[in-house]
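Trainee: Hey, could you walk me through this one? I'd like to start from the inside and work outwards.

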Amino acid sequence: MFPFVPAAQSTRRAFSALMVTSLLAATAGLPTVASAQTASTVQVGQRVPALALKDQHDKPWQMDTDTRLLMFSASRQASNLVQEVLHKLPPDQLTRKNAVYLADMGKMPGIITRTFALPALKKLPYPIGVSTDEATLAAWPRQADAVTLIELDQNQVKRISFVSTEADLRAALER
C-alpha cells in the first residue's frame, strides 16, 4: 500500500547503524586516562617501569621513591577486594604505609570505563593510578582474581606476591 514505508525503515536502520558507528568512533577518540606506553615486565631485582598515568580525577599519578607497596588489580574481583579492604581502613592508610594502588582497566570497553567505572572511583578518598590502555600493564604479573602486591625499596622490586582474601590484603597493609 505504502511503497515508501520499506524505504523509510531501511533508511532508519541505515541511520541507526551510522549513529552507532559514529558514537563508537567518537568514543575511541576521547582522551584516555593513560597515555600509550610500551608494556614492561615487573621482575624481582629490577626497577618498576616509569608510568605516565593519571588518577581517577585525571590528575598525574606517580610513585615516590618512598613507596614500599604497590597494589595492582587487573580484574574486577581484585579491584573489589582492594576497595572493600580500603573502605574499612582510615582514608590516609595508603599514605601512612607508603602504599599506592594501581588499577588496570585496559580490557574494559572505553565507554563503560568513562560512564561507570571512573565516576565510581572518583567517590573514593584515596588516589588510584588508572591505566585504560591495554598494552601499558599487559606484561605485569597477575593471577586470576588476585591482587598483585609488589614490595619496593627505592622503586626496586623486592618481592611479588598475590592475595585473594581480605585478611591477607589487610595484613600486607598493616606491615
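Trainee: So how many residues does the largest nonpolar core have?
Mentor: This is a predicted model, and its largest nonpolar core has 26 residues. Met71, Val147, Leu169 and Leu173 are the ones with the most contacts inside that core.

Trainee: Which elements give two or more residues to this core?
Mentor: They are β3 (69-73), α2 (76-87), β4 (99-104), α4 (110-121), β6 (147-153) and α5 (166-174). The largest share is from α2, with 5 residues.

Trainee: You mentioned Leu173. What is Leu173 in contact with, leaving aside its neighbours within four places in sequence?
Mentor: Quite a list: Leu69, Met71, Val85, Leu86, Leu89, Gln93, Leu94, Lys97 and Ala99.

Trainee: And what about a second core?
Mentor: There's a separate one of 15 residues, and Leu51, Trp61, Leu70 and Leu137 are among them.

Trainee: Back to α5, then. Which of its residues are buried?
Mentor: Leu169, Ala172 and Leu173. They cover an arc of only 95° around the axis, so they sit on the same side of α5.

Trainee: Why would residues a few places apart end up like that?
Mentor: An α-helix has 3.6 residues a turn, so residues three or four places apart point the same way.

Trainee: Nice. What do the buried residues of α5 pack against?
Mentor: They pack against β3, α2, α3 (93-96), β4, β6 and β7.

Trainee: Okay, new topic: the sheet. What is the order of the strands?
Mentor: It's an open sheet of 7 strands, and the order goes β2-β1-β5-β4-β3-β6-β7, with mixed pairing.

Trainee: Which strands stand at the edges?
Mentor: β2 (60-61) and β7 (156-163). Each has a single partner strand, so one side of each has no neighbour in the sheet.

Trainee: In which sense do β4 and β5 pair?
Mentor: In the parallel sense, over 3 bridges, with β5 covering residues 129-131. If you want a spot to look at, Asp104 is opposite Ser131 in β5.

Trainee: Where does α2 fit in with all this?
Mentor: α2 packs on the sheet and touches β3, β4, β6 and β7. The direction of α2 makes about 135° with that of β3.

Trainee: How many residues of β6 are buried?
Mentor: 5 of the 7, so β6 is largely enclosed by the rest of the structure. On one side, β6 runs antiparallel to β3, and 4 bridges join them. Leu69 stands opposite Glu151 in β6 there.

Trainee: And how many bridges are there between β6 and β7?
Mentor: That pairing is antiparallel over 7 bridges. Thr148, for example, is opposite Phe162 in β7.

Trainee: How many residues lie between β6 and β7 in their hairpin?
Mentor: There are 2. Gln154 and Asn155 both lie in that loop.

Trainee: What's worth checking about their backbone?
Mentor: Look at phi. Most residues other than glycine have a negative phi. Here Gln154 has a positive phi near 55°, and phi of Asn155 is also positive, near 65°.

Trainee: Is Asn155 buried or exposed?
Mentor: Asn155 has 12% relative accessibility, so it counts as buried; the cut-off for that is under 20%. Gln154 has 42%, so Gln154 counts as partly exposed.

Trainee: Great, I'll go and find those two in the viewer.

Definitions and conventions: Residues numbered from 1 in each chain as written. Predicted model: local features only at pLDDT ≥ 70, side-chain atom pairs only at ≥ 80, totals over all residues. Heavy atoms only, no water. Core = buried A, V, L, I, M, F, W, Y, C linked by side-chain atoms within 4.5 Å. Buried < 20%, exposed > 50% of the residue type's maximum accessible area, 1.4 Å probe, protein only. Contact = heavy atoms within 4.5 Å. Pairing = 2+ DSSP bridges. Axes fitted to C-alpha atoms, helices over the stretch in contact; angles between N-to-C directions. Arc of directions from axis to C-beta.
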